[in-house]
Amino acid sequence: MKGIVLAGGSGTRLHPLTHAVSKQILPVYNKPMVYYPLSVLMLGGIREILVISTPRHLDLFRVLLGDGSQLGMSIEYAEQRAANGIAEAFVIGAEFIGDDPVALVLGDNIFHGPGFSRMLHREAGSIDGCVLFGYPVKDPERYGVGTMDERGRLIHLEEKPAEPTSNLAITGLYLYDNDVVDIAKNIRPSERGELEITDVNRVYLERGKARLISLGRGFAWLDTGTHDSLLQAGQYVQLLEQRQGVRIACLEEIAFRMGYIDAAACYGLGEQLRHTDYGKYLMDITAENR
């Protein structure tokens, strides 16, 4: 499975912070925001990733992430010249995707919870249609919403409904088989001129090939699109890391744990940052295994 991180947009809700820098480069506690969605793909066993961003911001991501080889991965880059919708990622990334299934994650979404890596591996390994992830929220009218029947089957999708029939918001993580490329190329732009991801998902629903997995109690899904939510996300990460002594979305550690790089390589990446707690952490977790 290939992976796409969609890190475009102008981040107007975060102005003036994002006047000169991409929202996904902003810090969430001690790491750039883009580390968090990128870590989701890595935890799912995905090693070939396309980062899509605006022309003015793309070089920032190239400097930050390089070609991915230091993490035992391959990272490529592509431009989204205008805010033409989430589903345009599959049109832009069609050549990159090729004949493979694909996972798409939005660059301002943070996921954290027990068993997440195992679940992603399971779902990514046998994709037939699309798999969506729902999260219960108190204000579903702000989101795309999925409704399931009594058997847990997805039966309805609606974008920002005035009267929601469910409280399950569709999160910014999507898994698709290869049909998604042709589907995205053939949907029509919405009234706001965008290729809507909900329209793509509805095609799969009509085919009987859309599933919704509810991320329930004990799981955290954070959208960092406002000043308050950005601060809250940083506080969440800070609390867990300081209490538990582990790192969330530490790309180098994930690459090491997943077997993408060995202990010596991970230690070396930490040594480059040895004057920071982040670098010392990487050196500590690999010191005995070099």
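Is helix α1 largely enclosed by the rest of the structure or exposed, and how many of its nine residues are buried? Let's find out by selecting pieces of this predicted model one at a time.

**Stop one: helix α1.** Select residues 35-43. Eight of the nine residues in α1 are buried, so this helix is largely enclosed by the rest of the structure. To see the buried ones, show side chains for Y35, Y36, P37, L38, S39, V40, L41 and M42. Just beyond the helix comes G45, where phi is positive, near 85 degrees.

**Stop two: the largest nonpolar core.** This core has 63 residues, and α1 gives the most to it, with six residues. Now highlight V5, F111 and F133, the residues with the most contacts inside the core. Stay with F133 and display its neighbours: leaving aside residues up to four places away in sequence, F133 touches M119, L120, A169, I170, T171, L173, L175, L212, I213 and L215.

**Stop three: another core.** Apart from the largest core lies another one, of 33 residues. To find it, select F96, V102, V181 and L195, which are among its members.

**Stop four: a helix pair.** Finish with α6 (residues 179-186) and α7 (residues 197-206), whose axes come within 10 Å and cross at roughly 120 degrees. The two helices are therefore oblique to each other, and their crossing is right-handed. Where they meet, choose D179, V180, I183 and A184 on the α6 side, with V200, V203 and Y204 on the α7 side. Colour this contact by residue class and you will find six nonpolar, no polar and one charged residues.

Technical notes: Residues numbered from 1 in each chain as written. Predicted model: local features only at pLDDT ≥ 70, side-chain atom pairs only at ≥ 80, totals over all residues. Heavy atoms only, no water. Core = buried A, V, L, I, M, F, W, Y, C linked by side-chain atoms within 4.5 Å. Buried < 20%, exposed > 50% of the residue type's maximum accessible area, 1.4 Å probe, protein only. Helix = DSSP H or I, 4+ residues; strand = E, 2+ residues; numbered from the N terminus. Contact = heavy atoms within 4.5 Å. Axes fitted to C-alpha atoms, helices over the stretch in contact; angles between N-to-C directions. Parallel < 35°, antiparallel > 145°, perpendicular 65-115°, else oblique. Left-handed = near helix turned anticlockwise from the far one by under 90°. Nonpolar A, V, L, I, M, F, W, Y, C, P; charged D, E, K, R; others polar.
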